[in-house]
Amino acid sequence: MGFADLIKNARKRLQLSQARLGGEIGVWNTYVGQIEKGEKVPSDEVVIKLARVLELDLSDLLLAAYKAKADSAEAQNLFARMETALSDPVLQQFVSSSNPLDPGVLAALG
């Protein structure tokens with residue numbers, strides 16, 4: 001699912017209007033509409049606010065935003081590969097661990 005759809009679906013799930021979401025994150029409702037149509041991809045600062053308000057995983061949302069901003073096929077491909085790698089459960093455990101050298105994490109990698 002693309003960045004625009006993630007935002008739109010999460011907003012609707014929480015039953016927020018575009019105006020309410022815009023107010024929560026400090027942007028105009030028309031900008032929220034442009035984001036949801038895929039016309040604009042916001043700055044990292046706005047993406048972070050969107051993740052908080054919409055109760056979305058920040059890493060997933062930032063990656064989706066960068067993928068949406070990518071201009072070249074090569075960059076799109078890179079972000080798609082990153083998305084696939086980050087969905088791997090073993091890598092997820094490693095990345096989310098506060099201590100990547102924890103014996104449990106190392107056992108999962110072995």
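Start at Arg 13, which is partly exposed, with 46% relative accessibility. Partly exposed covers the range between buried, under 20% relative accessible area, and exposed, over 50%, with a 1.4 Å probe and protein chains only.

This is a predicted model in which residues are numbered from 1 along each chain as its sequence is written, and side-chain values use heavy atoms, with hydrogens and water left out. Local features need pLDDT of at least 70 and side-chain atom pairs count only at pLDDT 80 or more, whereas totals for chains, interfaces and linings use all residues.

**Stop 1: the whole chain**

Switch to a cartoon view. You will see eight helices and zero strands. Helices are DSSP runs of H or I with at least four residues, strands are E runs with at least two, and numbering goes from the N terminus. Along the sequence the pattern reads α-α-α-α-α-α-α-α.

Now show the surface. The protein exposes about 7000 Å², and carbon and sulfur atoms supply 54% of that. These accessible areas come from the Shrake-Rupley method with a 1.4 Å probe; for residues, only the protein chains shown count as cover. Of the 110 residues, 26% are buried.

How much of the contact set links residues 24 or more positions apart? Such pairs account for 46% of the contacts with a separation of 6 or more. A contact means heavy atoms within 4.5 Å.

**Stop 2: Arg 13 and its partner**

Go back to Arg 13 and add Glu 55. Their side chains meet in a salt bridge, 3.9 Å from N to O. The term means a side-chain nitrogen of Lys or Arg within 4 Å of a carboxyl oxygen of Asp or Glu. Arg 13 sits in helix α1, while Glu 55 is in the loop between α4 (44–54) and α5 (58–69), so the bridge ties together parts 42 residues apart in sequence. Glu 55 is exposed, at 58% relative accessibility. Check its backbone too: just after α4, Glu 55 takes a positive phi of about 60°.

**Stop 3: Arg 11**

Select Arg 11, also in helix α1. Is it buried or exposed? Arg 11 is buried, at 9% relative accessibility.

Which residue shares a salt bridge with Arg 11? The partner is Glu 36, with the closest N and O atoms 2.4 Å apart. Arg 11 belongs to α1 (residues 3–13) and Glu 36 to α3 (residues 29–36), so this pair joins parts 25 residues apart in sequence. Glu 36 is buried as well, with a relative accessible area of 8%. The two side chains also make a polar contact at 2.4 Å. That term covers N or O atoms within 3.5 Å; within protein, one must be able to donate a hydrogen and the other to accept it, and residues adjacent in sequence count only if both atoms are side-chain atoms.

Widen the selection around Arg 11. Beyond its neighbours within four places in sequence, its contacts are Leu 16, Ser 17, Gln 18, Leu 21, Glu 36 and Leu 54.

**Stop 4: helix α4**

Move to α4. Its buried residues include Val 46, Val 47, Leu 50 and Leu 54. The buried residues of α4 pack against α1, α2 (18–25) and α5.

Next pick Glu 45 and Lys 49, which form a salt bridge with closest N and O atoms 3.5 Å apart. Both lie in α4, four residues apart, about one turn of the helix. An α-helix has 3.6 residues a turn, so residues three or four places apart point the same way. Glu 45 is exposed, at 52%. Lys 49 is partly exposed, at 27%. By the same distance rule, the count for the protein comes to six salt bridges.

**Stop 5: helix α5**

Start with Asp 57 at the beginning of α5. One of its side-chain oxygens reaches to within 3.2 Å of the backbone nitrogen of Ser 59.

Then follow the helix. It has 12 residues and reaches 16 Å from first C-alpha to last, close to the 16 Å expected at 1.5 Å a residue. The expected span is 1.5 Å times one less than the number of residues. Colour Leu 61, Leu 62, Leu 63, Ala 64 and Ala 65: these are the buried residues of α5. They pack against α1, α4 and α6.

**Stop 6: a surface patch**

Finish with Leu 78, Met 82 and Leu 86, which make a nonpolar surface patch of about 210 Å². Patches use residues with over 30% relative accessible area and no salt bridge; like charges are joined within 9 Å, and nonpolar side chains (Val, Leu, Ile, Met, Phe, Trp, Tyr) within 5 Å. Met 82 lies in α6 (residues 73–86). Met 82 is partly exposed, at 33% relative accessibility.
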